[in-house]
Amino acid sequence: MNKKILVIIGGRGIGDLIYHLPLLRSLYKTYKKKLFILSNKINKASQVYKNENFYEKIVSFDNERYSLIKTIKKIFVLKNKINKFNSDLIIVTSNTKRLVFPVLLSNAKEKKIMGIENLFLNKDNSLNQFKVSEQIIQFTNSLNLKKVHSSFFLNQKKKNYKKKKKIFFNIDSHHDQNNWDLNNFIFLIKKLIKTHKIFVNFSPNKNYLINFFPEEIKISSNIEFTYKKTISEIIEIINDCNCIIGNESGPICLAASLKKKVHALYIPLYTKPESSIINRRSKYYNVDKISSKLIIQKILKSI
């Protein structure tokens with residue numbers, strides 16, 4: 001099976017990359033060939049997959065939405081980019097038209113697109129009831145690969161020194177849909193900062209959040225704000241921490257994938273927290289049902 005395989009990942013989030021791990025490893029083990037990956041530039045795949053051995057090369061592409069005319073132009077730009085790989089098989093884990101059309105127009109011999117039926121003309125709406133991770137699992141199963149890998153854990157280089165007491169806090173989330181009251185995080189940090197090294201993370205475009213922290217926290221030698229760090233640096237920091245506390249988000253997915261002790265907060269606006277599929281040992285708190293006081297007690301008792 002000497003196929004050249006290109007996998008196209010349209011998802012924006014770090015979590016999306018973690019959910020792809022079983023598929024990517026299953027393809028690699030089945031075909032015994034390293035994969036080429038074309039991934040949304042927003043998700044920083046080359047940094048997240050830095051220590052993985054299933055890929056030959058990762059190339060990023062622009063998967064943003066544009067006006068109709070610009071979208072048509074982008075379709076042909078992406079088609080040309082895809083053709084440069086000269087792939088025998090293309091795997092696409094998105095059924096958006098801005099990805100489907102370039103693939104259909106490409107020169108690949110074989111094309112498999114998640115969530116498409118009836119000769120690529122219609123979307124499979126039956127998948128709408130499933131989370132992204134579940135959709136990718138179903139898609140992987142539909143490929144009938146000879147060797148299936150089910151782990152969502154990232155590979156990491158082992159460290160030779162004993163870990164100190166370090167805790168990583170993630171205090172925001174995508175579209176702020178899972179945000180726990182910031183004062184609860186501040187309360188926890190005050191309780192832990194004398195005995196632990198504390199890392200506090202949030203999106204770089206929300207740097208105003210630092211202003212909500214009291215001066216006693218900001219000037220502490222045991223505190224470090226990580227919003228200016230790269231994804232690679234964030235991964236290294238999380239991997240060096242004992243515990244990760246935060247809103248359901250990309251860093252929580254990373255922590256679960258790195259087998260860390262995870263305490264995740266979520267608001268069930270749409271569904272259960274998707275990252276729970278990564279590591280069953282992670283703990284989740286529905287902030288609509290559990291009081292903040294009780295959540296804080298549980299977290300402190302665990303630490």
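This briefing describes selected strands, helices and residues of the structure above. The model is predicted. Five topics are covered: an open parallel sheet of 5 strands, the helix α2 that lies across three of its strands, the buried strand β11 with its neighbours, a polar contact between Asp-240 and Lys-166, and the cysteines Cys-241 and Cys-243, neither of which is in a disulfide. Ser-142 in helix α6 is treated separately at the end.

**The five-stranded sheet**

- The sheet is open and contains 5 strands, arranged in the order β3-β2-β1-β4-β5 with parallel pairing.
- The edge positions are held by β3 (55-61) and β5 (110-113); each has a single partner strand, so one side of each has no neighbour in the sheet.
- From one strand to the next, the twist averages 15°.
- Within this sheet, β1 (residues 5-9) pairs with β2 (residues 35-40) in the parallel sense, over 4 bridges.
- Val-7 has Ile-37 of β2 standing opposite.

**Helix α2 and its surroundings**

- Helix α2, comprising residues 21-31, lies across β1, β2 and β4 (89-92), and its direction is at about 160° to that of β2.
- The helix is mostly covered, with 9 of its 11 residues buried.
- The buried residues are Leu-21, Pro-22, Leu-23, Leu-24, Arg-25, Ser-26, Leu-27, Thr-30 and Tyr-31.
- The cover over these buried residues includes the strands β1, β2 and β4 together with the helices α1 (14-19), α6 and α10 (250-257).
- Just after α2 in the chain, Lys-32 adopts a positive phi of about 55°.

**Strand β11 and its partners**

- Strand β11 spans residues 243-247 and is mostly covered, 5 of its 5 residues being buried.
- One partner of β11 is strand β8 (residues 166-170), to which it is paired in the parallel sense over 4 bridges.
- In that pairing, Phe-169 stands opposite Ile-245 of β11.
- Another partner is strand β12 (residues 261-266), also joined to β11 in the parallel sense, over 5 bridges.
- Here Ile-244 is set opposite Val-262 of β12.
- Between β11 and β12 the chain passes through α10, and the resulting β-α-β crossover is right-handed.

**The contact between Asp-240 and Lys-166**

- Asp-240 belongs to the loop between α9 (231-239) and β11.
- The relative accessible area of Asp-240 is 10%, which is under the 20% limit, so this residue is classed as buried.
- Lys-166 lies in strand β8, and its relative accessible area of 16% likewise makes Lys-166 buried.
- The side chains of Asp-240 and Lys-166 are joined by a polar contact of 2.5 Å.
- Leaving aside residues up to four places away in sequence, Lys-166 touches His-196, Lys-197, Phe-199, Asp-240, Cys-241, Asn-242 and Cys-243.
- Asp-240 and Phe-130 are 110 residues apart along the chain, and their C-alpha atoms are separated by 33 Å.

**Cys-241 and Cys-243**

- A search of the whole structure for disulfides finds 0.
- For Cys-241, the nearest cysteine sulfur is that of Cys-243, at 8.7 Å, and Cys-241 is in no disulfide.
- That separation of 8.7 Å is to be read against the cut-off for a disulfide, which requires the two sulfur atoms to be within 2.5 Å.
- Cys-241 counts as buried, with a relative accessibility of 1%.
- Cys-243 is likewise in no disulfide, and its nearest cysteine sulfur is that of Cys-241.
- With a relative accessibility of 4%, Cys-243 also counts as buried.

**Ser-142 in helix α6**

- Ser-142 is located in helix α6, which covers residues 132-142.
- The relative accessible area of Ser-142 is 47%; this value lies between the 20% and 50% limits, so the residue is classed as partly exposed.
- The side chain of Ser-142 reaches the backbone oxygen of Phe-139 at 2.6 Å.
- Ser-142 and Ile-72 are 70 residues apart in sequence, and the distance between them in space is 30 Å, C-alpha to C-alpha.

How values were computed. Residues numbered from 1 in each chain as written. Predicted model: local features only at pLDDT ≥ 70, side-chain atom pairs only at ≥ 80, totals over all residues. Heavy atoms only, no water. Pairing = 2+ DSSP bridges. Helix = DSSP H or I, 4+ residues; strand = E, 2+ residues; numbered from the N terminus. Axes fitted to C-alpha atoms, helices over the stretch in contact; angles between N-to-C directions. Contact = heavy atoms within 4.5 Å. Buried < 20%, exposed > 50% of the residue type's maximum accessible area, 1.4 Å probe, protein only. Polar contact = N/O pair within 3.5 Å; in protein donor to acceptor, adjacent residues only side chain to side chain. Right-handed = clockwise from strand over helix to strand, strands pointing away.
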